[in-house]
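Hi everyone, thanks for making time today. I'd like to walk you through a structure that is new to most of us, so please have the picture open while I talk.

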Amino acid sequence: MGQEKVFQRHQQRVFFKSQDLDFYLVWAMGFSTYQGAELGECLRIASQINESDLASWVRAWKTMAAHLEQVAAVMQTKGHLVSAHETYLRAMTYYRFASVCQPPQDPDLPATWQRMRECFRKVAELSNPPITPLQIPFEGKTLTGYFMRPAMSGTKRPTLLAVSGGEGVAEDMYFFGGLAGIRRGYSVLMFEGPGQGQAILDGMTVRLDTEVVARQIVDFALELPEVDGKRLAIYGISGGGYAVTRAAAFEKRIKACIANPPIIDLPRVLQSEWGAFQKAPNTVKEMVLGILTRRNPVARLALSKLLWSAGVDRITEYMMKVSEARVEVENIECALLCMVGTADPVECIRQTHECYDRLRGQKAIRVFTPEEGADAHCQVNNLSLSNQTLFDWLDEVLM
C-alpha cells in the first residue's frame with residue numbers, strides 16, 4: 001500500500017489528489033447512468049470536502065443525502081411519485097458513499113447504512129413493478145437481498161444473481177446489472193454475502209468457501225416463480241469476482257458466470273501490494289504497514305474495514321485466513337465471461353487472462369480501455385458499456 005492509493009483502480013484524476021477518494025467520486029458519478037446521481041450534486045459535495053479530514057467527506061455526502069431524502073418525502077406526499085422515486089434513489093447513493101469513509105468503530109456507521117437502506121426501500125416501493133426486499137436464510141441467520149423482475153406475471157425468465165465486492169452492499173447491484181437486466185427481460189436477485197453490509201453487523205464475516213453461500217442463494221432463487229432454473233447466471237464485481245468464480249467451480253446449477261474481474265488466487269492479489277516486503281517477517285510487515293497507513297488515512301481506513309470484514313485484528317492474520325482462497329478453474333463447466341479494465345490492479349489483469357486461458361468450456365474475455373472511457377475498476381466510469389457487454393453475452397449464451 002503506497003501513500004498515493006490503496007489499490008490501482010483508475011488512472012484519470014477528476015477532482016481529488018487522493019486517487020482513492022477520486023475513485024469513489026467517479027464511482028458515485030457513474031451511478032448517474034441509471035439516475036442514481038447527478039453530476040452537479042456530486043461536484044457540489046466534492047467541493048465541501050477537505051481531503052485531509054475524512055470526517056468532512058462523511059458530512060458532505062450525508063448532508064446532501066438527508067436533504068434529498070426530505071425533498072423526496074414531500075414529493076411522495078404530494079403524489080409526485082416519479083420524482084420521489086428519482087430523488088430517493090440519489091439520496092440512497094449519497095448515504096452509501098458517505099459510509100465508505102466511516103471506520104468500523106464509528107457508532108454512526110450502522111445508522112448511515114440504515115438510512116441508505118430505507119431510501120432504497122422507498123425506491124423499491126415506487127418502482128414498477130415493485131422491487132421485493134429479501135431476507136435469505138443462511139446458517140440460522142439471514143442475508144439481505146432484493147428481487148427485481150420486468151413484470152408481475154409469474155413468467156419464468158433468465159435470471160441473474162448479482163453480488164458486490166468487499167466494500168459493497170446489495171444496493172450497488174441495482175446499477176451493476178439490476179436495472180439493466182430488467183430492461184432486457186431478465187429477473188435479477190441482488191444479495192449480500194458474509195462480510196458485506198448488514199451481514200457484518202450480524203456477525204457474519206468473510207467466507208472463502210463462497211460455494212456454500214451460492215448454494216443457498218440458488219436454492220432460494222429456484223423457489224421464486226419468475227426464475228428459470230435452466231437459464232441461471234451469476235455476476236460478481238470486485239471481490240465478488242472471486243466469490244462467483246469459485247462458486248461456479250462447485251455449483252453446477254449455474255449456467256453462466258460473469259466475473260468482473262475473475263480473481264482466482266486472492267493471496268497473490270494481496271501479496272502483490274507488499275512489493276519488496278513480501279518475504280519480510282510478519283513483525284516487519286506490520287511495522288511497515290503501520291507507517292504507511294499513518295501517512296495515508298484512506299489506506300488506514302481501508303485496512304480497518306478489510307480486517308473487520310474478516311473478523312481479525314492484524315493484516316498477517318488476514319493473510320493467514322485467506323491463504324487458501326483459490327479457484328480450481330479447470331472445474332468450471334459453465335460459460336464464463338472474464339471482464340477487467342486496464343486501470344485495474346496489475347495482478348487482477350494477470351489473473352483475468354490466466355483464468356481465461358485455463359477455462360475448458362465456453363468462455364469470453366473483455367478488456368476495457370481508456371479509449372472507451374471504461375478502464376476503471378468494474379467500469380465505474382462507463383456502466384452502460386459494462387452492462388451492455390454483460391447482457392449481450394448472456395443473451396447469446398442463455399438463448
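Let's start with one pair of residues: Leu 337 stands opposite Ala 364 in strand 8. Before I go on, please keep in mind that this is a predicted model.

So what is the setting of that pair? Strand 7 and strand 8 pair in the parallel sense, over 6 bridges. Between them comes a helix: strand 7, helix 14 and strand 8 make a right-handed β-α-β unit. Helix 14 covers residues 346–358 and lies across both strand 7 and strand 8, running at about 160° to strand 7.

Now let's zoom out to the sheet. How many strands form it, and in what order? There are 8 strands in an open sheet, ordered 1-2-4-3-5-6-7-8, with mixed pairing. The edges are strand 1, residues 132–138, and strand 8, residues 363–368, and each of these pairs on one side only. On average, neighbouring strands are turned by 20° against each other, ignoring direction.

As a general reminder, strands of a sheet pair through backbone hydrogen bonds, either parallel or antiparallel. At the strand 1 edge we meet the antiparallel kind: strand 1 and strand 2, residues 141–148, are joined that way over 7 bridges. If you want a spot to look at there, find Gln 135, which stands opposite Thr 144 in strand 2.

One more helix belongs with the sheet. Which strands does helix 9 lie across? Helix 9, residues 240–250, lies across strand 3 (157–163), strand 5 (227–237), strand 6 (256–260) and strand 7 (335–341). Its direction is at about 155° to strand 6.

Let's leave the sheet and turn to helices that pack on one another. Helix 4 is residues 81–99 and helix 5 is residues 109–126; their axes come within 8 Å and cross at roughly 155°. That angle is over 145°, so helix 4 counts as roughly antiparallel to helix 5. The crossing is left-handed. The contact involves many residues, including Tyr 88, Met 92 and Tyr 95 of helix 4, and Trp 113, Met 116 and Phe 120 of helix 5. In this contact of helix 4 with helix 5, we have 15 nonpolar residues, 3 polar and 3 charged.

Helix 5 has another partner, helix 3. The axes of helix 3 and helix 5 come within 12 Å and cross at roughly 30°. This makes helix 3 roughly parallel to helix 5, and their crossing is left-handed. Lys 62, Glu 69 and Gln 76 of helix 3 meet Thr 112, Arg 115, Cys 119, Lys 122 and Leu 126 of helix 5. Which kinds of residue make up the contact of helix 3 with helix 5? The split is 2 nonpolar, 2 polar and 4 charged.

Finally, helix 3, residues 54–77, also packs with helix 1, residues 19–30, at an angle of about 10° and with the axes 13 Å apart. Helix 1 and helix 3 are therefore roughly parallel to each other. On the helix 1 side, please find Leu 21, Tyr 24, Leu 25 and Ala 28, which meet Leu 54, Trp 57 and Trp 61 in helix 3. The contact of helix 1 with helix 3 has 7 nonpolar residues, no polar and no charged ones.

To recap, we have seen an open sheet of 8 strands, helix 9 and helix 14 lying across strands of it, and helix packing that took us from helix 4 to helix 5, on to helix 3 and then to helix 1. Thanks for listening!

Note on methods: Residues are numbered from 1 along each chain as its sequence is written. This is a predicted model: local features need pLDDT of at least 70, side-chain atom pairs count only at pLDDT 80 or more; totals for chains, interfaces and linings use all residues. Side-chain values use heavy atoms; hydrogens and water are left out. Two strands pair if DSSP finds at least two bridges between them. Helices (H or I, at least four residues) and strands (E, at least two) are DSSP runs, numbered from the N terminus. Axes are lines fitted to C-alpha atoms, for helices over the stretch in contact, and angles run from 0 to 180 degrees between N-to-C directions. Contact means heavy atoms within 4.5 Å. Angles under 35 degrees count as roughly parallel, over 145 as roughly antiparallel, 65 to 115 as roughly perpendicular and the rest as oblique. A crossing is left-handed if the near helix is turned anticlockwise from the far one by less than a right angle, and right-handed if clockwise. Ala, Val, Leu, Ile, Met, Phe, Trp, Tyr, Cys and Pro count as nonpolar, Asp, Glu, Lys and Arg as charged, and the others, Gly among them, as polar. A crossover is right-handed if, with the strands pointing away from the viewer, the path from the first strand over the helix to the second runs clockwise.
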